[in-house]
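User: Please walk me through this chain in short questions and answers. Keep to what the coordinates give.

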Amino acid sequence: KVLKLFKDLEEEKRSVEDKVIERTQELIIANNRLTELDKVKTEFISVAAHQLRTPLSAIKWILSILIDEHNDNMTAEQKALLMRGYESNERIIRLINEMLVVTRIESGKMTYNFSFIHIEDLIESTIEDFTDQAKSRGIKLSFKEPLERLPYMNIDPDKIRAVLQNLIENALFYTKDGGYIAISAIADGENIKISVKDSGIGIPEKQKTGIFNKFFN
C-alpha cells in the first residue's frame, strides 16, 4: 500500500509539473504576442503622428500670417476666432509631440544630449516664454532664486525645458486669472529639487496615483 501510495504521488507530481510547463509555455507565447502587438501599436502611433504634424504645421503657418499681416482689416470677433483656431491647433501639435516622445521612449530610441549648465538659467529662460500669457491674465509668474548659486548639472537642457514647459502650461491652464505660479530650485543632497507651486484647483486625492500615466489629464 505504501509503495502504491508513493507511485500515485509520483504520477500526480509529474502531472502537475507537465501542467506547469504547459501553462508556462502558453504564458511565454502570449507575452511574446503582446510584445509584438505593442511594437506594432507604437510604430503605428509614430507614423500617424508624423503624418498629422505636417498639415497641422501648415495650418499654424497660415493662421499666423492671417493674424500678423491682416490684423488691421479684421473685426474683434474675427480676430478672436482666428486666435481660438490658432491656440487649438497649437494644443493638437503639442499633443502629437508628446505622443512622439512616448513612442520614442517605448521603442528605446530616445536620445539625450548632456551638457553642464546652471538650472537657474534654464528656469529663467523658460519662464520668459510664458511671461506675456501670464501677464495678460493677471497671473503672477515668479522664480524664487536660491540664495547661493546652485552647482552645475549634467543634463539634457531640451528635455528638462520640455518638462518645465509642461508643468508651467498645466499651472497656467488650471490657475484662475489673478492667481500666482511660484517656481523654486533648491539643493537637496546630491540632487537639485525644482518645485512649481500655483493657486490653481489642484489634483483630487483619488487621481494623484495616475499623474504619471501616459496622457493623464
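The turns below cover the sheet, one helix and a few single residues.

User: What kind of model is this, and from which number are residues counted?

Analyst: This is a predicted model: local features need pLDDT of at least 70, side-chain atom pairs count only at pLDDT 80 or more, and totals for chains, interfaces and linings use all residues. Side-chain values use heavy atoms, with hydrogens and water left out, and residues along each chain, as its sequence is written, are numbered from 1.

User: What is the strand order in the open sheet of three strands?

Analyst: Helices (H or I, at least four residues) and strands (E, at least two) are DSSP runs, numbered from the N terminus. Two strands pair if DSSP finds at least two bridges between them. The open sheet has mixed pairing, and its order is β2-β4-β5.

User: Which strands stand at the edges, each with a single partner strand?

Analyst: One side of each edge strand is left without a neighbour in the sheet, because each has a single partner. From one strand to the next, the twist averages 15 degrees. The edge strands are β2 (140-144) and β5 (191-198).

User: Do β2 and β4 run parallel or antiparallel, and which residue is the bridge partner of L141?

Analyst: Five bridges join β2 to β4 (residues 180-188), and the two run parallel. L141 has its bridge partner in β4, namely I181.

User: How many bridges join β4 to β5, and which residue in the turn has a positive phi?

Analyst: β4 and β5 run antiparallel, joined by eight bridges. Within this pairing, S184 stands opposite S195 in β5. The two strands form a hairpin with two residues between them, and the turn residue with a positive phi, about 70 degrees, is G189.

User: At about what angle to β2 does α3 run?

Analyst: α3 lies across β2, β4 and β5. Axes are lines fitted to C-alpha atoms, for helices over the stretch in contact (heavy atoms within 4.5 Å). Angles run from 0 to 180 degrees between N-to-C directions. For α3 against β2, the angle is about 170 degrees.

User: Within what arc do the buried residues of α3 fall?

Analyst: Buried means under 20% relative accessible area, exposed over 50%, partly exposed in between (1.4 Å probe, protein chains only). In α3, I119, E120, L122, I123, T126 and I127 are buried. Those buried residues line one face of the helix, because, seen down its axis, they fall within an arc (of the directions from the helix axis to the C-beta atoms) of 160 degrees.

User: Is H118 buried or exposed, and what lies 2.9 Å from a polar atom of its side chain?

Analyst: H118 lies in the loop between β1 (115-117) and α3 (119-128). H118 counts as buried because its relative accessible area is 12%. Leaving out residues up to four places away in sequence, H118 touches R149, L150, P151 and Y152. At 2.9 Å from a polar atom of the H118 side chain lies the backbone oxygen of L150.

User: Where is S199, and how far is a polar atom of its side chain from the backbone nitrogen of Y180?

Analyst: S199 is found in the segment after β5. S199 counts as partly exposed because its relative accessibility is 33%. Beyond four places away in sequence, S199 touches T175, G179 and Y180. From the backbone nitrogen of Y180 to a polar atom of the S199 side chain, the distance is 3.0 Å.

Definitions and conventions
A polar contact is a pair of N or O atoms within 3.5 Å; within protein, one must be able to donate a hydrogen and the other to accept it, and residues adjacent in sequence count only if both atoms are side-chain atoms.
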